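Visitor: I would like to learn how the words used for a protein model are justified, one step at a time.

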Amino acid sequence: MNRLLTILFRASLIAILAFITLPLLVVVAASFSPTSSVTFWPGDWTFQWYPALLESRWLDPFLLSAELAIIVSLVSGLLGVLAAHSVAYQKCPGHAAIMSFLLSPMAVPQIVKGVAIVLFLSSAGLYKLLGTPGLVMAHIVLTMPYVMRMAATAMFNFDKRLDRAARILGAGPLQRIRYVLLPLIRSGLFSGMAFAFIISFNNIPLSVFLVRPGQTTLPIAVINHLEYSLDPVLAAVNVASLLFVLGTIILFEKIGGFSAHFHGGSK
């Protein structure tokens with residue numbers, strides 16, 4: 001019986017991994033297609049579609065998406081760790097209700113948030129915020145709960161005796177945060193920032209309401225191109241985006257120990 005369960009578990013795991021990876025392999029193979037119609041014959045593969053990524057119709061949206069993702073991950077990291085410190089570490093009055101309120105954006109569909117933000121900016125006469133400023137604010141609203149939740153989880157597991165020892169030895173509040181708290185919650189903070197970066201870079205439901213004409217993010221540019229054509233250039237764009245996101249995840253892992261937050265321990 002145990003052997004049968006083991007076989008079923010392994011077969012299910014292989015099926016799940018295949019379901020996840022095979023579409024990615026198809027996209028990678030399509031990006032090397034020798035003709036404008038997508039083909040997958042390895043002997044005729046070519047890199048001719050990748051130079052098109054340097055054209056302004058792809059490069060400008062990519063730079064905007066990367067800029068947004070970097071700003072959003074940094075600001076969300078700062079705001080998220082401050083909120084988590086007040087709620088999870090200091091446990092201010094009503095901290096449970098405050099935590100629920102700060103996490104509430106996670107329960108609201110993104111398209112609803114997008115419509116609400118556009119209506120707010122319109123009713124307040126803040127049309128100038130449409131574009132990059134509005135995108136940054138909207139993405140922060142979307143991503144900060146993820147950062148705060150992961151930082152708060154790390155702080156809930158934080159041994160306060162270490163902070164007490166630092167205080168006894170004469171360390172001030174800022175010194176205790178910098179040299180005691182932040183190093184010990186680093187994995188949770190950077191994993192949240194990595195999630196914020198990925199979510200912001202790939203976001204469509206919020207961004208579609210807030211971009212200006214002639215200023216669009218890469219996911220929206222891909223959707224617009226897909227309406228009229230399905231060609232290897234589109235596959236090359238997605239492969240480049242995938243490599244960029246993977247490189248960013250590796251960078252977060254090297255700096256803050258991205259995986260340590262999930263499997264326990266510290267870097």
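**Reasons behind the labels**

Guide: R57 is partly exposed, with a relative accessible area of 41%, and this value belongs to a predicted model.

Visitor: Why is R57 called partly exposed?

Guide: Buried means under 20% relative accessible area and exposed means over 50%, so R57, with its 41%, falls in between and is called partly exposed.

Visitor: What makes the contact between E55 and R57 a salt bridge?

Guide: The closest N and O atoms of E55 and R57 are 3.2 Å apart, and the definition asks for a side-chain nitrogen of Lys or Arg within 4 Å of a carboxyl oxygen of Asp or Glu, so the pair counts as a salt bridge. Side chains of opposite charge can pair when their charged atoms come close. A search of the whole structure finds 1 salt bridge.

Visitor: Is E55 buried, partly exposed or exposed, and how do you know that?

Guide: E55 has a relative accessible area of 37%, and because this lies between the limits of 20% and 50%, E55 is partly exposed.

Visitor: What makes V208 fit for a nonpolar patch on the surface?

Guide: V208, which lies in helix α9, has a relative accessible area of 46%, and patch residues need over 30% and no salt bridge, so V208 passes the cut-off on area. Val is also among the nonpolar side chains that are joined within 5 Å, and V208 is listed in the patch together with residues including V108, I111, F209 and L230. The patch has about 900 Å² of accessible area together. The elements that give two or more residues to this patch are α4 (110-123), α9 (207-210) and α10 (218-228), and the largest share, 4 residues, comes from α4.

Visitor: Which classes of residue line the largest pocket, and how many of each are there?

Guide: The largest pocket has a volume of about 340 Å³, and of the 19 residues that line this pocket, the closest to its centre are N202, V237, N238, S241 and L242. By class, the lining has 16 nonpolar, 3 polar and no charged residues. Helix α11 gives the most to the lining, with 8 residues.

Visitor: How many helices and strands does the protein have?

Guide: The protein has 12 helices and 0 strands, and of its 267 residues, 38% count as buried, which means that these residues have under 20% relative accessible area.

Note on methods. Residues are numbered from 1 along each chain as its sequence is written. This is a predicted model: local features need pLDDT of at least 70, side-chain atom pairs count only at pLDDT 80 or more; totals for chains, interfaces and linings use all residues. Side-chain values use heavy atoms; hydrogens and water are left out. Patches are made of residues with over 30% relative accessible area and no salt bridge: like charges are joined within 9 Å, nonpolar side chains (Val, Leu, Ile, Met, Phe, Trp, Tyr) within 5 Å. Accessible areas come from the Shrake-Rupley method with a 1.4 Å probe; for residues, only the protein chains shown count as cover. Buried means under 20% relative accessible area, exposed over 50%, partly exposed in between (1.4 Å probe, protein chains only). On a 1 Å grid over the protein atoms alone, a cavity is a set of points where a 1.4 Å probe fits but cannot get out, and a pocket is an open set with protein on both sides within 12 Å along at least five of seven lines; lining residues have an atom within 4 Å of a point. Grid points are joined across faces, edges and corners, and a volume is the space filled by probe spheres set on the points. Ala, Val, Leu, Ile, Met, Phe, Trp, Tyr, Cys and Pro count as nonpolar, Asp, Glu, Lys and Arg as charged, and the others, Gly among them, as polar.
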